[in-house]
Amino acid sequence: MKKRLFFSLMAVMTACIMQAQPITAGQHTRVNTIYGPIEGYQDGSIFTFKGIRYAKAERFMPPQKPDTFTELRQCKVYGPQAPQGESLRWNERNSQSDYGFGNQFVTEPMDEENCLVLNVWTPSISDKKKRPVFVWIHGGGYSGGSGHDLPCYEGRGLAEAGDIVVVNLNHRLNVLGYADLTGLGGKYAQSVNLGQQDIVKALEWVRDNISLFGGDPNEVTIGGQSGGGGKVSTLLAMPSAKGLFKRAIVQSGSTLRQADPATTRQFGIALAQELGQPATAAADFSKYTYEELNFAVSRLAQRGIRSGLSPVVDGVILPQHPFDPASPESKDVPMLIGTDFNEFTFDISHDMTWGEAEAAVKKRMGDEQGGKFIAAFRKAYPKAEPKEMTYVDTGFRAGAVKQAVAKAKQGGAPAYLYLFTWKPESNALGASHGMELPFMLHNVSLQREMTGASATAYKFEKVISSIWLAFIKTGNPNVKGLPKWEPYNEETGITMILDNKCQPLSHHDRELMQMSRNIWDR
């Protein structure tokens, strides 16, 4: 019944898309991948392929190469999401922090068996040109999200603006993608970091097929924001991912350490027992629905048995913590690292006097620590408004700085550090978590409720997307017309402020960050 419903939905969605999009007939939108022939569509100057299967996997098993096929497959609609909770679906909320913002795009169904899919946008499939490739990994922690969660995730705009190939993807999440079952042994010996293993399989698909889409498999950049940044950070320490990409971008997701296997393996054993299964390789998880698995995870959490359901340093797939210290696997990979000024404060509408702002800080931190914070903030941002002191982010920013420090200590490829401080004029979101996404993906027009779609926003879009494109193409974010951007090192501590006026600052907030986390060696 579920499969019939799924394919019925896909048929309806395909019909709608085909009516809405200009389609180039026949062989002009067909590509013979190494697994079989697929057909996409032409959207203006960009060739688009959606829902391409890059792997297959049984429940709790490592992903395998997809089956080959000979019959032409239609790849014109987004494929299924990985099973998850609410994600960004319409749920009658209307808060500033809901990034869905009444997303008018079709929400894909969830399907465990068919969620290992990716999407490709390219300027040409026939000119034999080798273009840089940007593989975008979605956020949502390790539990939710998809390559189509936000309208601005669409790759068409950046592909057209930069003459590059853009890829994004879905992979297994939460209990299905990040439960550690290696403690059960036997067939479960590699049942860990499955979501990360899925992403590696997607990168292998890119390596083997992207030249057929006008891309260069030797010029691949991976990037991700929030949870996607954590996934990118983790890929940088995975031997199986080495050589599958040349550059990496981490946005508001710098991850230094991952979970402890002693804890996660015990969780896997407890999960089997909670479901009435033997705590051995004889366990059988196939008969449970996704909801039943999730409910078992919830019951364990209520008893204080938590796994985190995130990547784990298992010693094989992930041999060490990603950036504590920086993994040698990524020594030669240039990085672009950064955060947003106020991250998870989504309403900055309330104006304050300095007295009110200082009182709010001291109430939260105490008189002594609050006084130090106030002094450090005013030194770092002498032109800031009082209210900005109450919502400035120090957690994400401190993690990004520490990741850049660890990268610089390797003495290998450079890391460039940024702080995104641009704020929309039309709403109170500020430079919140994800505000850079429409700009770097060249999709301000698709996320107008975030950006305001003002003339200033469109002008800024060109600046930010040009920085990302420069890095994707060269590993260096410097562009003509902007101040010189030096790689990060502990001595100069250069952070590029990304705003209507971009400017590099040297250790401008060192004291403020030091209060949050011990970053620099003394």
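When I say cavity today, I mean a set of grid points, taken over the protein atoms alone, where a 1.4 Å probe fits but cannot get out. With that meaning in place, and bearing in mind throughout that this is a predicted model, the structure holds four cavities of 30 Å³ or more.

Let me dwell on the second largest cavity, whose volume is about 50 Å³. Its lining is made up of Ile467, Pro477, Asn478, Val479, Leu482, Pro483, Trp485, Met496, Leu498 and Cys502, and these divide into nine nonpolar residues and one polar residue, with no charged residue among them.

Turning to the packing, the largest nonpolar core has 63 residues, of which Val120, Trp205 and Phe245 touch the most other members, and the element that gives the most to this core is helix α4, residues 194-209, with six residues. If we leave aside residues up to four places away in sequence, Trp205 touches Thr33, Tyr35, Ile52, Arg53, Tyr54, Leu118, Val120, Ile210 and Phe213. There is also a second, separate core, this one of 62 residues, including Leu158, Ala376, Tyr416 and Phe420.

Finally, some totals for the chain, which has 15 helices and 14 strands. Buried residues make up 57% of its 522 residues, while the accessible surface comes to about 21500 Å², with 51% of that belonging to carbon and sulfur atoms. As for the contacts with a separation of 6 or more, 76% are accounted for by residues 24 or more positions apart.

Technical notes:
Residues are numbered from 1 along each chain as its sequence is written. This is a predicted model: local features need pLDDT of at least 70, side-chain atom pairs count only at pLDDT 80 or more; totals for chains, interfaces and linings use all residues. Side-chain values use heavy atoms; hydrogens and water are left out. A nonpolar core is a set of buried Ala, Val, Leu, Ile, Met, Phe, Trp, Tyr and Cys residues joined through side-chain atoms within 4.5 Å. Buried means under 20% relative accessible area, exposed over 50%, partly exposed in between (1.4 Å probe, protein chains only). Helices (H or I, at least four residues) and strands (E, at least two) are DSSP runs, numbered from the N terminus. Contact means heavy atoms within 4.5 Å. On a 1 Å grid over the protein atoms alone, a cavity is a set of points where a 1.4 Å probe fits but cannot get out, and a pocket is an open set with protein on both sides within 12 Å along at least five of seven lines; lining residues have an atom within 4 Å of a point. Grid points are joined across faces, edges and corners, and a volume is the space filled by probe spheres set on the points. Ala, Val, Leu, Ile, Met, Phe, Trp, Tyr, Cys and Pro count as nonpolar, Asp, Glu, Lys and Arg as charged, and the others, Gly among them, as polar. Accessible areas come from the Shrake-Rupley method with a 1.4 Å probe; for residues, only the protein chains shown count as cover.
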